[in-house]
Amino acid sequence: MVSPGIKTYSAKKEDIEKKWFLVDAKGKNLGRLSTRIAKILRGKDKVLFTPHVDCGDFVIVINARHIKVTGDKINEKLYYRHSGYVGNLKSTNLRDMLDKHPEFVLRHSVRGMIPHNILGRQILKKLKIYAGDKHPHEAQKPVVLEV
């Protein structure tokens, strides 16, 4: 039994210190990379984690074009989109998506791992993904994160 004098601490927005992390996705597995990024964005790696407060950090991902997947997912995994018109469901496999929109593949994967509400949309804005190895966030002095 917990003594009545001890209260659960709930982190406030102003108590949280936001950091910037840089992740190189070259040769990394899509799922394992996505889970690690989602954890950092959400703030679950911090001691002060509070589920209803955005206490996560910013994540910059470079070389998103060079993500790898296991098995034959590169040909079999499909991404769907629909225009709203009857019979207009389009599908694209992972290989084509990595060629045309490599940022979308990683963002889509991470989006599925964070809450699907207002807080989740706020968290996803802290994810910056670039297909190449250049990024415009040098001023934030990101810490290189090994995944």
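Is Asp54 buried or exposed at its relative accessibility? At 11% relative accessibility, Asp54 counts as buried, because the cut-off for that class is under 20%. The legends below start with the whole chain and return to this residue. Please keep in mind that the model is predicted.

**View A. The whole chain at a glance.**
The predicted chain holds 5 helices and 6 strands. If you trace the ribbon along the sequence, you will meet these elements in the pattern β-α-β-α-β-β-α-α-α-β-β. Along the principal axes, the C-alpha atoms fill a box of roughly 60 × 40 × 30 Å. The chain has 147 residues, and buried ones make up 37% of them. Its accessible surface comes to about 9600 Å², and carbon and sulfur atoms account for 54% of that area. Of the contacts between residues at least 6 apart in sequence, 69% join residues at least 24 apart.

**View B. The largest nonpolar core.**
Nonpolar side chains tend to be buried together in soluble globular proteins. Here the largest nonpolar core has 27 residues. Look for Ile37, Val59, Val61, Leu106, Val110 and Leu127, the members that touch the most others in this core. Two or more residues come from each of several elements: strand 1 (20-24), strand 2 (58-62) and strand 5 (127-129), together with helix 1 (30-42), helix 3 (94-100), helix 4 (102-111) and helix 5 (118-124). Helix 1 gives the largest share of the core, with 6 residues.

**View C. The surroundings of Val110.**
Which residues does Val110 touch, once those up to four places away in sequence are set aside? They are Ser34, Ile37, Ala38, Leu41, Leu124 and Leu127. Two of these partners, Ile37 and Leu127, also belong, like Val110 itself, to the group that touches the most other core members.

**View D. Asp54 and its contacts.**
Back to the residue of the opening question: Asp54 lies in the loop between helix 1 and strand 2. Its contacts, leaving aside neighbours within four places in sequence, are Ile16, Lys18, Leu41, Leu119, Gln122, Ile123 and Lys126. Leu41 is worth pausing on, since this residue appears in the list for Asp54 and in the one for Val110. For a sense of scale, the C-alpha atoms of Asp54 and Gly132 are 28 Å apart in space, and the two residues are 78 apart in sequence.

**View E. A network of salt bridges around Asp54.**
Side chains of opposite charge can pair when their charged atoms come close. The structure holds 4 salt bridges, and a network of them links Lys18, Asp54 and Lys126. In the bridge between Asp54 and Lys18, the closest N and O atoms are 3.6 Å apart. This pair joins distant parts of the chain, as Lys18 sits in the segment before strand 1 and is 36 residues away from Asp54. In the bridge between Asp54 and Lys126, the closest N and O atoms are 2.6 Å apart. Here the separation along the chain is 72 residues, with Lys126 in the loop between helix 5 and strand 5. The side chains of Asp54 and Lys126 are also joined by a polar contact of 2.6 Å. How do the two lysines fare for cover? Lys18 has a relative accessible area of 33% and is therefore partly exposed, whereas Lys126 is buried, with a value of 4%.

**View F. A salt bridge within one loop.**
Asp57 forms a salt bridge with Lys46, and their closest N and O atoms are 2.9 Å apart. Both residues lie in the loop between helix 1 and strand 2, 11 residues apart. Which of the two classes, buried or partly exposed, does Asp57 fall into? Asp57 counts as buried, because its relative accessibility is 2%. Lys46, at 23% relative accessibility, counts as partly exposed.

**View G. The hairpin of strand 3 and strand 4.**
Strand 3 (residues 78-82) pairs with strand 4 (residues 89-93) in the antiparallel sense, over 5 bridges. To find your bearings, start at His82, which stands opposite Leu89 in strand 4. Between the strands of this hairpin there are 6 residues. At Gly84, look for a positive phi near 105°.

Note on methods
Residues are numbered from 1 along each chain as its sequence is written. This is a predicted model: local features need pLDDT of at least 70, side-chain atom pairs count only at pLDDT 80 or more; totals for chains, interfaces and linings use all residues. Side-chain values use heavy atoms; hydrogens and water are left out. A nonpolar core is a set of buried Ala, Val, Leu, Ile, Met, Phe, Trp, Tyr and Cys residues joined through side-chain atoms within 4.5 Å. Buried means under 20% relative accessible area, exposed over 50%, partly exposed in between (1.4 Å probe, protein chains only). Helices (H or I, at least four residues) and strands (E, at least two) are DSSP runs, numbered from the N terminus. Contact means heavy atoms within 4.5 Å. A salt bridge is a side-chain nitrogen of Lys or Arg within 4 Å of a carboxyl oxygen of Asp or Glu. A polar contact is a pair of N or O atoms within 3.5 Å; within protein, one must be able to donate a hydrogen and the other to accept it, and residues adjacent in sequence count only if both atoms are side-chain atoms. Two strands pair if DSSP finds at least two bridges between them. Accessible areas come from the Shrake-Rupley method with a 1.4 Å probe; for residues, only the protein chains shown count as cover.
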